[in-house]
Amino acid sequence: MNKTLYFTFLFFFLWALQVFVLNNILLFGYVNPYLYIAFIFFYPLRKNRFNLIFISFLLGLGVDLFSNTGGIHAFASVFIAYFRLFFIKLFFNKLEADYPFFKLKSEPFGKVFNFVITLTILHHFLLFAFANFSFGNLSGVFLNTLYSAIFTLVLFFSGSYIFTKDY
Amino acid sequence: MQQIVYFFQRYKYFLLFLFLEFISLSLIFTNLNFQKSKFLASSNFFVGGIYEKITNTKDYFRLDEINQALVEENNRLKNQLEGTGVTLTQDSLNTNQKFTYTSAKIINNTFHTQFNFLTIDIGKQMGIDSEMAVINGKGVIGITDHSSNGYTRVQSILNKNTRINARLKNTNYFGTLSWDGKDYNTVQLVDIPRQAPIKVGDTIETGGKSTIFPEAIPIGTVAKVNETLSVDNKIDVKLFNDMSNLKYIYVIKNRDKEEILKLENLENE
């Protein structure tokens with residue numbers, strides 16, 4: 001499949017999945033997975049980062065639009081989209097020449113695990129910190145981050161295990 | 001000049017990042033401001049339309065439960081009517097009523113965040129505007145926030161910014177109802193006078209001291225009374241409504257609202 005087409009499809013698929021299915025799960029009354037950030041993990045690595053940052057903003061905004069949260073998802077998504085390159089350099093030791101050949105699927109599981117877990121926790125923490133919007137109830141923010149991150153990671157790894165496709 | 005171009009080239013991603021984060025932050029701030037959030041509210045045409053379609057499908061599976069609730073409410077109202085000895089007439093010209101009720105359906109409901117909103121399927125076309133009361137047969141649900149032509153966003157009672165005037169049933173001890181963001185079944189009543197004889201199990205209802213809510217709409221029962229002395233004298237109130245399971249609601253419009261507000265503003269000047 002054409003790469004652009006594939007990622008356009010992935011964008012709308014993850015957005016719809018998040019808005020219409022995952023936002024309504026509410027495990028134990030309040031725990032939701034936020035799987036749409038998988039788009040940011042899978043997006044191809046390029047030297048030009050305009051596309052990734054801007055598309056992440058649109059994805060976050062799309063989720064915000066349907067959950068009455070202002071710009072919380074947009075903020076967190078843009079944040080991890082910007083710092084993705086930094087963490088790829090940190091965990092995978094990639095040089096600029098390696099960028100076109102970088103695939104999350106062909107990397108060792110341990111490194112991918114570290115990469116995904118860091119970005120997920122970062123994203124979820126920002127999300128719940130802004131959703132809480134005060135310095136009170138910090139323990140609630142950390143607990144929410146932890147539970148949701150576990151849920152997201154379980155879905156992400158099981159999902160990527162089932163749909164193994166080389167992109 | 002060369003320096004500036006060089007600067008932009010070097011930091012272009014960082015500047016884009018800052019720019020987008022700034023937009024997101026301003027959206028977050030306006031969203032928490034009552035009535036100001038026009039752009040990203042679920043009351044807009046696109047989002048409201050999609051939610052309405054989804055709800056229409058979902059509702060088929062809950063018809064039994066919804067009918068049961070409506071019949072119960074009708075039954076209660078008929079009994080009340082019997083007690084007052086008033087007979088209902090079909091005369092629509094008799095307009096000395098102060099509040100008018102409009103029925104609507106909830107098409108989207110959140111209750112798990114700190115700032116919760118609902119979306120209902122009527123809007124400006126039905127005369128709905130901001131700052132109107134939203135209730136159902138069991139009690140208070142929220143206040144309308146922003147409406148488009150066909151949809152309205154409601155600021156839920158489970159929103160840290162919501163303040164509702166409330167009182168102990170059949171007395172004149174008033175307080176303010178707010179929510180601490182923890183449990184979606186429990187809200188807090190603050191600033192009620194210390195001499196008020198409050199016991200666990202007492203009923204709390206709206207006070208009617210604002211132009212939004214009529215008097216004596218049920219809210220909940222007292223779940224915990226503060227034993228120690230504290231400044232705000234906080235009381236936990238368990239809601240009559242299960243806020244996670246709502247369907248049909250009424251929007252209450254106050255016919256005298258403009259007159260009252262005009263009068264109050266006159267006094268302030």
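## Charges and makeup of chain A

Chain A carries 11 positive and 5 negative side chains, and the centres of these two sets lie 2 Å apart. Please keep in mind as you read that this is a predicted model.

Turning to the fold, chain A has six helices and zero strands, so its elements, read from the N terminus, run α-α-α-α-α-α. The radius of gyration of chain A is 16 Å, close to the 15 Å that the globule rule gives for 167 residues, so chain A is as compact as a globular protein of that length. Along the principal axes, its C-alpha atoms fill a box of roughly 45 × 30 × 30 Å.

## Inside and outside of chain A

Of the 167 residues in chain A, 53% are buried. If you look at contacts between residues at least 6 apart in sequence, 69% of those in chain A join residues at least 24 apart. On the outside, chain A exposes about 8000 Å², and carbon and sulfur atoms supply 72% of that area.

## Two loop residues to look at

A:Ile37 and A:Ala97 make a handy pair to find on screen. A:Ile37 sits in the loop between helix H1 (3–21) and helix H2 (38–42) of chain A. Its relative accessibility is 1%, and because buried means under 20%, A:Ile37 counts as buried. Leaving aside residues up to four places away in sequence, A:Ile37 touches A:Ile80, A:Thr120, A:His123 and A:His124. You can also trace from A:Ile37 to A:Trp15: the two are 22 residues apart in sequence, and their C-alpha atoms are 9.4 Å apart in space.

A:Ala97 belongs to the loop between helix H4 (72–92) and helix H5 (109–132) of chain A. Here the relative accessible area is 58%, and since exposed means over 50%, A:Ala97 is exposed. Between A:Ala97 and A:Phe115, which are 18 residues apart along the chain, the C-alpha separation is 20 Å.

## A look at chain B

Chain B contains five helices and twelve strands. Its C-alpha trace spans about 85 × 50 × 45 Å along the principal axes. Among the 269 residues of chain B, 42% count as buried. For contacts in chain B with a separation of 6 or more, residues 24 or more positions apart account for 62%.

The surface of chain B comes to about 15800 Å² of exposed area, with 54% supplied by carbon and sulfur atoms. Chain B has 30 positive and 29 negative charges, and the mean positions of the two groups are 6 Å apart.

## Where the two chains meet

The size of an interface is often given as the accessible area lost when the parts come together. For chain A and chain B, the buried area is about 3100 Å², and 72% of it is on carbon and sulfur atoms. On the chain A side, A:Leu65, A:Phe66 and A:Asn68 lose the most area to chain B, and together these residues make up 23% of what that side buries. If you would like to see the whole contact, select 33 residues from chain A and 33 residues from chain B.

Note on methods. Residues are numbered from 1 along each chain as its sequence is written. Chains are lettered from A and ligands numbered from 1 in the order in which they are written. This is a predicted model: local features need pLDDT of at least 70, side-chain atom pairs count only at pLDDT 80 or more; totals for chains, interfaces and linings use all residues. Side-chain values use heavy atoms; hydrogens and water are left out. Helices (H or I, at least four residues) and strands (E, at least two) are DSSP runs, numbered from the N terminus. Buried means under 20% relative accessible area, exposed over 50%, partly exposed in between (1.4 Å probe, protein chains only). Contact means heavy atoms within 4.5 Å. Accessible areas come from the Shrake-Rupley method with a 1.4 Å probe; for residues, only the protein chains shown count as cover. Lys and Arg count as positive and Asp and Glu as negative; His and the chain ends are not counted. The place of a charge is taken as NZ of Lys, CZ of Arg, CG of Asp or CD of Glu. The radius of gyration is taken over C-alpha atoms; the globule rule is 2.2 Å times the number of residues to the power 0.38. Buried area is the accessible area (1.4 Å probe) that two parts lose on being put together, summed over both.
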